[in-house]
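User: I have a model open and a few questions about how its parts fit together. Can you walk me through it?

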Amino acid sequence: MRVCTTYGSPMPLRRGAAMHEIRLDVFDGIPEGAGDESLVTLCGKDPSLVPDSFGGLVDVGERDLAIPHRKVRSFHDFSGTPDAEGIVSMLSEGDQEVSKGAFMASSFADICSIQDASRALGRKHVLLGMGPMGEVTRIRQAALGNEFTFGYEGTPTAPGQLSAEEMESLGDDCILVGITGHPLSHTLSPRMQNAAIRKAGINGRYLVFDSPSLDRIEDAMRGYGIRGINVTIPYKQDVMGHLDRIAGAAEEVGAVNTIVNDGGVLTGDNTDVAGVLHSLSGTALKGAKALVMGSGGASRAAAYALTKAGSGVCVSGRNRRTVSDVCKAFGAEPHSGGVGGFDVIVNCTPIGLVEGEYPADLSGLHRGQTVLDMVYGRRTPLVSRAADAGCRLADGADMLVGQGAESFRMWFGKEADVGTMKEAIQ
């Protein structure tokens, strides 16, 4: 990996850097130490500010200027990513040595357009996605055939940049995993998984793929060599149509929350089952009467786990059809009343994360019940009322840790330090 160190404020140039980006909206001139390995970015400034003797690259922006230097033309779109044909057309014109394009990436389709363009563009280039979704394009320089990539020193100069030190540490062959869903602003999985990755001494990073669609997720995983992805709301069932195999508990649950990429073969599994049992490890489940609130992918995992543990399961939800589907799949019963007659209550809805009403009346909560809310990291209405009623609270963070540790084992072939995971999200 060839990392060009970029600077958000004037400072001494970083020692040992393969390249430096000297932005003329940051520096008044070319600082000492900037040799032929440097890139001077004009940022709209007059090209005469660059001495004729400078032997590095000069980025003129979109302007097709005639300059006595090795030239880069760069195109930026902070609102979106064109399709591959549009990117190739944009970057093909001109006599520059290197064509650079940086585009705001917001979906799997966007980062696939960038990779498609990299394969079709018959000239030296640097193609990058901006924003969190685009981080993978910065790390996988080799996959895109980029001449170099960027990492910052001090403060970032573009959305989604990683530090130059971290980029150099990761390199092209690091292991990449991540999470997809929409929206993902609340997720603590990156903090938890990256802490576990560091603790285990693995050269890797857990990324966030907040995409409004699963379109081309399979192409992105294969093309960028992404080892695995966790799947959360609302994609746990829809993602199954994008995979090569369904294995383990996912086959019976009918929902996937973990994808493993083995040499391009994408296998879907379900670690939510392990997460439910981990969070309820101190509760007697055999013979217990359990209520599952919700009828999506997480509720299917909860119903499966509780049934396998010997509980009698009821399901409440707003959608009668999906409630019926869950009940038929796991021998459960639909429920439309209160919670008073249950030993265990598991909330699998996003209520507490979003506004709305629970699909069961909470007024019957009482001491002796165990309540697990899968919405973690906040005091939800359910958690508040359960605490006031004297219920035993199973920590939703334990659910997150339990499923995350199992995903970690599938991706990396070793056990995660669950203590490190739990500490990272507290």
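User: What do the buried residues of H12 pack against?
Analyst: They pack against strands E15 (289-293), E18 (344-347), E19 (370-373) and E20 (392-394). Contact means heavy atoms within 4.5 Å; helices (H or I, at least four residues) and strands (E, at least two) are DSSP runs, numbered from the N terminus.
User: Which residues of H12 are buried?
Analyst: In H12 (residues 381-388), Leu382, Val383, Ser384 and Ala386. Buried means under 20% relative accessible area (1.4 Å probe, protein chains only).
User: Any caveats?
Analyst: This is a predicted model, where local features need pLDDT of at least 70, side-chain atom pairs count only at pLDDT 80 or more, and totals for chains, interfaces and linings use all residues. Residues are numbered from 1 along each chain as its sequence is written, and side-chain values use heavy atoms, with hydrogens and water left out.
User: What comes just after H12?
Analyst: Gly390, with a positive phi of about 85 degrees.
User: Different topic. What is the strand order in the open sheet of 8 strands?
Analyst: The order is E7-E6-E5-E4-E3-E2-E1-E8, and the pairing is parallel. Two strands pair if DSSP finds at least two bridges between them. E7 (125-130) and E8 (149-153) are the edge strands, each pairing on one side only.
User: How many bridges join E3 to E4?
Analyst: There are 3 between E3 (residues 38-41) and E4 (residues 57-59). Leu39 has Leu57 in E4 as its bridge partner.
User: And which strands does H1 touch?
Analyst: H1 (residues 84-92) packs on the sheet, touching E5 (70-77), E6 (98-104) and E7.

Definitions and conventions:
Buried means under 20% relative accessible area, exposed over 50%, partly exposed in between (1.4 Å probe, protein chains only). Axes are lines fitted to C-alpha atoms, for helices over the stretch in contact, and angles run from 0 to 180 degrees between N-to-C directions.
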